[in-house]
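Subject: Structure handover

Hi,

Here is the structure I promised to pass on. Could you load it and keep it open while you read the rest?

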Amino acid sequence: MLKQTKIILLFLFNVFFSLNGFSVEKRFLHENWTFKTNTTVEWKKATVPGVVHLDLLNIGSITEPYLADNEQKQKWIEKYDWEYKTNIEIDANYLNNKHIELVFEGLDTYASVYLNGKEILFADNMFREWVVDVKPFLKAGQNELILIFHSPININKKNVTNAPYKLPAANETVEIKVSPYTRKAAYHFGWDWGPRFVTSGIYRPVYLRTWNELRVENVSYKENKPLDGESQINKSVEFSFEINSDKVQKCELTIDGITKEFALKKGLNTLKQNIEVSELNYWNPKGYGDQFFSTSSYSISVDKEVIVADNIKWALAKIELIQEKDPIGSSFYFKVNGQDFYAKGANYIPQDLFLTRVDSARYEKLIQQAVAANINMLRVWGGGIYENDYFYELCDQYGILVWQDFMFANSMYPNDSAFLDNVQAEVEYNVKRLRNHPCIALWCGNNEIEVAWNNWGWQKQYNYSPADSAEIWNNYLHIFHEMIPNTLAKLDPNHDYVPTTPLSNWGKEENFNHSSMHYWGVWHGREPIESYAENVGRFMAEYGYQSYPGYETLAKVITKEDLNLLSEIMLNRQKSYIGNGILEENVIKYAYKENDFKKWIELSQLVQAHAYGLAIREHRMKTPHCMGTLFWQLNDCWPGPSWSVIDYYGNEKAAYDEVRTYYQLVIAKMEMDEDDVTLSLVSDNIQPIDVSVSISAENRDGRTAPVLNESITLHFLSPISFFERVPRKLLRTFTAKKGFSHFRIEVRSAGELIFESNFYIDNETTVYFPEEK
């Protein structure tokens, strides 16, 4: 049995203020930037934070990258080095600060940084912060800051060509696959739902940071468990402060009026202080209680003089991942604050290839759409990025749990010490940054690498010798079974970790009784949509079905003459190697052959809605066998066909409504076998709920006939079914040759309609497919 109780807390960082001028101060450097290629002379205006594609767009050198076939036309950009420059005016008094640091919160990706002609940094990881002590290099007056972003393609060619073997990268279709060697978002090199745009730039804030006596580097916390014999009434929280001190000195740390003295050495120090609290209210995910937060005030003084004073907003949650043997096989589910939790969610990808386009309004809209769809968990997928802080703050606010992948996906990785040290720094930075968010439910090492190594034939494809295979696999084990879990044990023992997802592969029937599952039999396995009903794992971490975004969405980036399935531009939009064929096959199966592209798009979305509705119903009805369902995918990164239910512009596809319906607290489904009707219901409402349920037959003329009426009590995660025989005469009445017929299901609680759905006899779906005209 693997069962660990995890305590999660939230720290929302505010800029520290001080009463005496010794504070940590930030001076943002986002103005007066220019850029050029390394082969040109003229400097053009640039935007920081930003990326080179958007700067080229802003000065008119390129058109919108997502237009038409610009993906192909703009590939030249990835092959150039790009230089960025600004001047920083420094007052002589500013240099009196003891510490002046240049901070880059995100550089994409390979950057040589020069200050007043001296190289002060070489950055090679977009997933971590870079900090340089620049006081020795600054002068009063003008200071020139230059960054040279090196082409990720060119800089890694030698790594690929000099390597003793090729490393797989399932997302890249080019001959020289560089993504395994670079700590850059893998989706920038293309995926089967998005284009290839290899970006460069200062994509997160950059600033000068000054401090003098000391600086608070990080804060974390945990709930203290009472020792044997201690009262269970008095509860306390341990606050841990990581302090960078300018010298050997003493300080006083005061939290909520309680003061403790500490001796500081020069450099990093860890200060721990317990604070008793009269009552602990736990943060809960959506549908399981309120999202409780607490606020504590603290100050740090040296020689009775306050150096830093601030407030901490924090929250506690106890989250457990339960992996244990059971009569079915081996479980995989979460408990939150002692309560079994059914995950209703989706896989999330970055919202754009050009990350600085994603502003707070786009984050807010997407998370609010997730909330409206009754989603309570999002998986941040490992081929994208560790998301912006605001993303996690919104998930905290709205009660959405986050399954957080580390940024490794569908590849194997180098084993040289420089690469491994880089990964170590990346892991440490992001664990410290994210560990205090109560929304974090799980750390996951990577996406699909173990299942790929064991099932995708990489060894044969790349002609690995036994020694090659052993070396590659041992490095994998080092990163995902040693380095990352060891780091988490030190920095974040309050969260569970799994080395990869899925932990069970869909190729064998027995595997559906064990652990997490990515089921791609429907789609990659070309199985019919109805296979969702028979293939239900213990936790469905991925499954999905494609559709095209709305005609209006495509029309924003593609001309009318190319808005058809056979145009070269539209064929390039479809990144799945089997996409259009499966879509067309099922449009015909569930509806009819449609040549009008706009109408065909609508039908493709209805088929996707049917697929998601069927899958989610089956997953939920098969609890406790299945305790989670995360469809692939919630959103898009550009306007094109994909598995998303929300397109690039935020428009909801037909499947969004089906997801929202079947992620409600109480759902019902209906099946027919000749004259027999089976109605099943399930609830994930924690408390028992009394409901009345009815089925009626309806036709186009508005005629109805009752089929079933029952009043029952539904209990948490306890499916219940009813059987009813429908008279043959009634069936004949409602299956007219020229019309359509359906059954309507309604569920009420205390008189309020809490669930409604239709079941169409013609194709046994809950989605109405229009007739051919």
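Below is what turned up, going from strands to a helix and then to the empty spaces.

Bear in mind that this is a predicted model.

**Strand 18 and its partners**

Let's begin with strand 18, which covers residues 249–255. Of its 7 residues, 5 are buried, so the rest of the structure largely encloses this strand. On the pairing side, strand 18 runs antiparallel to strand 19 (residues 258–264), with 7 bridges between them. If you want a pair to click on, Lys 250 has Ala 263 of strand 19 as its bridge partner. The two strands make a hairpin with 2 residues between them. Have a look at Asp 256 in that turn, where phi is positive at about 50 degrees.

Strand 18 also pairs with strand 21 (residues 294–302), again in the antiparallel sense, this time over 4 bridges. There, Glu 252 sits opposite Ser 301 of strand 21.

While you're looking at strands, Ser 240 belongs to strand 17 (residues 235–245). Is Ser 240 buried or exposed? Its relative accessibility is 14%, and buried means under 20%, so Ser 240 counts as buried. Leaving aside residues up to four places away in sequence, Ser 240 touches two runs of chain: Asn 218, Val 219 and Ser 220, plus Thr 270, Leu 271 and Lys 272.

**The 35-36-39 sheet and helix 13**

Further along the chain there is an open sheet of 3 strands, paired antiparallel in the order 35-36-39. Strand 35 (666–673) and strand 39 (720–725) are the edge strands, and each has a single partner, so one side of each has no neighbour in the sheet. From one strand to the next, the twist averages 20 degrees. Strand 36 (residues 676–683) and strand 39 are joined by 6 bridges, and Asp 676 has Arg 725 in strand 39 as its bridge partner.

What lies across strand 35 and strand 36? That's helix 13 (residues 597–621), which runs at about 105 degrees to strand 35. Met 621 is a good residue to zoom in on, as it is part of this helix. Met 621 is buried, at 10% relative accessible area. Beyond residues up to four places away in sequence, Met 621 touches Ile 667, Ala 668, Lys 669, Ser 680, Leu 681, Val 682 and Pro 719. The C-alpha atoms of Met 621 and Ser 683 are 9.2 Å apart, although 62 residues separate the two along the chain.

**Empty spaces**

How many cavities of 30 Å³ or more does the structure hold? There is 1, with a volume of about 70 Å³. Its lining takes in 16 residues, and those nearest the centre are Arg 183, Lys 184, Ala 186, Met 407 and Tyr 413. By class, that lining has 8 nonpolar, 6 polar and 2 charged residues.

As for pockets, the second largest has a volume of about 1000 Å³. It is lined by 42 residues, with Ala 170, Trp 191, Asp 192, Asn 410 and His 524 closest to its centre. The elements that give two or more residues to this lining are helix 2 (70–73), strand 12 (189–191), strand 13 (194–196), helix 7 (449–455) and helix 8 (458–461). The lining of this pocket divides into 18 nonpolar, 15 polar and 9 charged residues.

Over to you!

Methods:
Residues numbered from 1 in each chain as written. Predicted model: local features only at pLDDT ≥ 70, side-chain atom pairs only at ≥ 80, totals over all residues. Heavy atoms only, no water. Buried < 20%, exposed > 50% of the residue type's maximum accessible area, 1.4 Å probe, protein only. Pairing = 2+ DSSP bridges. Axes fitted to C-alpha atoms, helices over the stretch in contact; angles between N-to-C directions. Contact = heavy atoms within 4.5 Å. 1 Å grid on protein atoms, 1.4 Å probe; cavity = no way out; pocket = protein on both sides within 12 Å on 5 of 7 lines; lining within 4 Å. Points joined across faces, edges and corners; volume = space filled by probe spheres on them. Nonpolar A, V, L, I, M, F, W, Y, C, P; charged D, E, K, R; others polar.
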